[in-house]
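Please look at the sequence and the model shown here, and keep both in view while reading the paragraphs that come after them.

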Amino acid sequence: MRPMDIEKYLAEKQRHLLKNTSRIRDINVFNFNYIPAKPLMREEAKPVIDALLRYQHSGIANNVLILGCRGSGKSVIAKYLMQILGNRKQLDFIYVNCRQCNTSFRILASALGVRPRGVSLDELWYNFTDLHPQKTVFILDEIDLISNKDKNKDILYLISRSPNNYMVLLLSNDPKFHQLLDASTQSTLQPEIVHFKSYNALELQKILTDRAKIGLGCIPTAIINEIAAMTVKNTNSDVRVAIKTLYQWALEPGIPIKDHFETARRDILVDIIKDLNDQNLCILRAASSQHDSYVKSIYGAYRRISAGLNEEPFSYVHFYSNLSYLQSLGLILLISTKISKTYTNRIQLAFDPVVLAAIWSLRFEQ
Ligand SMILES: Nc1ncnc2c1ncn2[C@@H]1O[C@H](COP(=O)(O)OP(=O)(O)OP(=O)(O)O)[C@@H](O)[C@H]1O
Ligand SMILES: [Mg+2]
């Protein structure tokens with residue numbers, strides 16, 4: 001067969017894409033920040049709704065910490081509740097994502113819409129309480145990403161001690177987040193802990209069906225079921241992977257769904273690794289560099305790598321709690337093995353180390 005010239009290939013591909021793009025009725029539903037008009041209800045949302053309503057009626061803060069794996073619907077449920085209760089003017093909400101605002105200072109500055117320069121945290125807090133004397137719910141999303149520099153997480157202390165009785169809704173995919181809080185914050189915050197379980201295949205099918213109805217104007221049931229099954233089996237039920245797979249399939253229905261799924265999974269994995277802080281990247285680097293995968297020797301390698309970057313390494317306890325975080329992101333597996341009568345943990349990377357090498361080089365070697 002004669003090789004096709006570039007121009008012809010380009011024109012054909014463009015025609016093909018244009019044709020398939022027309023299959024998409026509403027691209028917004030495939031955006032990860034899209035908030036559906038009716039998100040799938042789940043049992044776990046009930047205690048959160050109850051806590052908000054109790055606060056609304058009594059004014060007594062009922063703090064909540066939602067824990068759950070990536071893509072288990074923490075943000076979408078919180079934002080949806082903020083939308084409906086906020087629109088009805090029943091409660092005031094302040095939503096801040098701690099990935100972007102990773103210190104108490106930045107969180108408050110963002111809540112006030114000011115630049116965090118030249119004022120102290122106390123001043124910012126004073127201004128805030130002055131401007132918001134009414135019942136207010138702080139939603140602090142991805143709270144586990146508050147910087148280690150903000151050791152005391154003062155914002156939590158301030159909110160929980162506020163005479164204005166503010167309430168806080170914390171979202172985290174680090175299952176041990178609350179154990180890292182200092183004793184005085186824990187005792188004033190006293191959050192009710194709600195675990196968002198990973199979705200099962202049926203729930204994923206429902207979420208995808210709703211998206212397909214609006215986004216594609218049809219319901220490809222067999223494809224949806226296949227995507228749901230693969231997502232449950234291979235990703236800890238990360239809905240993002242499922243949504244992205246459906247979208248890619250709609251654009252290129254000729255390609256096997258398995259290939260779309262793998263591409264979506266890899267793209268999302270790259271995003272997760274890119275978003276990690278330096279310390280967690282060092283832990284993964286150590287795990288990929290050690291043939292012996294025992295936690296203790298990986299901790300040794302991690303300390304050496306941190307020293308090479310002039311970073312203060314985590315203590316062993318802190319290192320260990322970060323392992324559960326990395327596991328909840330689907331990046332590693334902690335495997336318990338028995339060695340001469342005692343159990344010890346090994347770490348297994350759950351992704352291709354080539355991805356890590358590329359991101360490492362971009363961050364530290366350029
Ligand atoms: N119950 C639901 N109904 C409809 N869509 C959902 C539901 N749960 C999750 N989704 C969709 O799945 C995607 C991931 O959900 P979300 O962002 O809420 O996850 P998350 O738990 O906050 O994850 P992370 O820990 O990574 O922040 C979003 O696009 C969201 O709209
Ligand atoms: Mg989220």
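What follows is a walk through aromatic rings and the charged groups placed over some of them.

The model is a predicted one, and it holds 15 aromatic pairs. A good place to begin is the pair formed by Trp125 and Phe128, which is stacked, with 5.9 Å from centre to centre and 10° between the planes; the pair counts as stacked because planes under 30 degrees apart are given that name. Trp125 and Phe128 both belong to helix H5, which covers residues 121–131, and because they are three residues apart in this helix, about one helical turn separates them. Both Trp125 and Phe128 are buried.

From Phe128 the path continues to another ring, since Phe128 and Phe138 also form an aromatic pair, here a tilted one, with 5.2 Å from centre to centre and 45° between the planes. This pair links distant parts of the chain, for Phe128 lies in helix H5 whereas Phe138, ten residues apart from it, lies in strand S3, which covers residues 136–141. Phe128 has 0% relative accessibility and therefore counts as buried, and Phe138, with 0% relative accessibility, counts as buried too, because buried means under 20% relative accessible area.

Elsewhere in the chain, ring pairs join several residues into a cluster, whose members are Tyr299, Tyr302, Phe314, Tyr316, Phe319 and Tyr320.

Rings can also be viewed together with charged side chains. The charged end of Arg346 sits over the ring of Tyr294, at 4.3 Å from the centre of that ring, and Arg240 lies over the face of Phe32, at 6.0 Å from the ring centre.

Notes: Residues numbered from 1 in each chain as written. Chains lettered and ligands numbered in written order. Predicted model: local features only at pLDDT ≥ 70, side-chain atom pairs only at ≥ 80, totals over all residues. Heavy atoms only, no water. Phe/Tyr/Trp six-rings, centres within 6.5 Å; stacked < 30°, edge-to-face > 60°. Helix = DSSP H or I, 4+ residues; strand = E, 2+ residues; numbered from the N terminus. Buried < 20%, exposed > 50% of the residue type's maximum accessible area, 1.4 Å probe, protein only. Lys NZ or Arg CZ within 6 Å of the ring centre and 35° of its normal.
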